[in-house]
Amino acid sequence: MVLSVIAIGARTAVIVPDAIERVPIAAQFTRYALLDRGSYEHAAAEVPARLVALASEVTGRALAVTEARVLRLVPGDYLLAHHDRVHEDLPIELIADLSPAPVAGAEVHYRRRGQVFFRVPCTPGAVSIVERGPTVTCNHTYVSKLSPPGAEVVRLVVLLR
Amino acid sequence: MARVFDRALSWDEAALAAAWRAAEPFPHVVIDDFVAGVDLVELLEVEPVEQYQADIYIFDATAPEPASAELRELRAEWAATLSPVLSRVTGVAVTRADMRAFAYRPGHYLLPHADHQDGLARELAFAYYLPTPEPPRGGELELFRVTPDATESARVIAPLPHRLVVFDVSDVSLHQVREVLGGLRLSLAGWFYP
């Protein structure tokens, strides 16, 4: 089932709940260390074919993976908007939430000309599908150190064209 | 007018200037027991406060331009008293300042950034910490050393009441306010300009 969320700012901006099982990630993570842009860990990732099929179904476009990586954020981590990059074309960004448990306040924010138009809360198993473009940027909000012990946000981020 | 902050007129400027020049990771000074002659918390009770939120911060603060005559007067007095002293201590000529009051509550933060922006002419940044009903846990000012490959924590400054911190504004004066984990962190902060 596709839970469609109306969002002014992109032609496609939807969240699909329970779209992927919560699988443990065995990736070799590297910490990003330029703190005025972001604080997080990242790793290369394989993308399940059914996620590509899901993105194609939702958007009505024939899509293939052009980039993919897994991000892991623990309390104190974040990715700022100016760490994101602008896309001159209109790729699709799919984010599969592989977190072990929901983390309150840990969201992905999509912005158009700086204004947030679409918020993706941390919901394990959910997949968000958003059309990017020249005016759309994205940030991953700060994960509070007041989160419960062991809090961890894991996101498979895939760019499709 | 020079009644509130005239303690600044008796600072050991030579010692402060030496501390400024020697400070790592970028020029700054920490001045303790800088007690104002008025109840600033009471003064701020008449100033409207709103929540500000972006990807890099969340906090409660007064507007960039004070609404009350009291805060505008305080800002003018702050600039008039401190500008000459800080100009001599830092070697950076400043004459005016802006000022906002900030309240960081649990979960509030200001992530790593540098204050320099083209066209704004910010020369010196300041933060003056006020006493609060419940001292903050967290909320430290953290200064970073910038290298091509990483940013490293270089100094952590606790937001103690009546502590004034002044630091250089440049592309590399990277700093943050660590997340407040409890209590309330109150401060006056802003920049000095030429």
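The expected span of a helix is taken here as 1.5 Å times one less than its number of residues, and in this predicted model that yardstick can be applied to helix α3 of chain B, which covers residues 69–90. With its 22 residues, α3(B) reaches 30 Å from its first C-alpha to its last, close to the 32 Å expected at 1.5 Å a residue. The helix nevertheless bends by about 40 degrees at B:Leu82, and a proline, B:Pro84, follows within four residues. B:Leu82 itself is one of the buried residues of α3(B), a set that further includes B:Leu71, B:Leu74, B:Trp78 and B:Ala79 before the bend and B:Leu86, B:Val89 and B:Thr90 after it. Just after the helix, B:Gly91 takes a positive phi of about 75 degrees.

Chain A is built from one helix and 12 strands, and along the sequence these elements follow the pattern β-β-β-β-α-β-β-β-β-β-β-β-β. The radius of gyration of chain A is 15 Å, close to the 15 Å that the globule rule gives for 161 residues, so the chain is as compact as a globular protein of that length. Taken along the principal axes, the C-alpha atoms of chain A fill a box of roughly 40 × 35 × 25 Å, and 38% of the 161 residues count as buried. Among contacts in chain A between residues at least 6 apart in sequence, 78% join residues at least 24 apart.

Within chain A, strand β7 (residues 92–97) illustrates this burial: six of its six residues are buried, so the strand is largely enclosed by the rest of the structure. In a regular strand the side chains alternate between the two faces of the sheet. In β7(A), A:Ile92, A:Leu94 and A:Ala96 point one way, whereas A:Glu93, A:Ile95 and A:Asp97 point the other way, and all are buried. Five bridges join β7(A) to strand β10 (residues 127–131), the two running antiparallel, and in β10(A) the bridge partner of A:Ile95 is A:Ser128. Strand β12 (residues 153–160) of chain A is likewise antiparallel to β7(A), to which six bridges join it, and A:Ala96 stands opposite A:Leu156 in β12(A).

The two chains also touch one another, in a contact that takes 14 residues from chain A and 15 residues from chain B. By class, the side of chain A that touches chain B has eight nonpolar, four polar and two charged residues.

Technical notes:
Residues numbered from 1 in each chain as written. Chains lettered and ligands numbered in written order. Predicted model: local features only at pLDDT ≥ 70, side-chain atom pairs only at ≥ 80, totals over all residues. Contact = placed C-beta atoms within 7 Å. Nonpolar A, V, L, I, M, F, W, Y, C, P; charged D, E, K, R; others polar. Bend = angle between axes of the 7 residues up to and from the residue. Buried ≥ 20, exposed ≤ 12 C-beta atoms within 10 Å, placed from the backbone. Rg over C-alpha atoms; globule rule 2.2 N^0.38 Å. Pairing = 2+ DSSP bridges.
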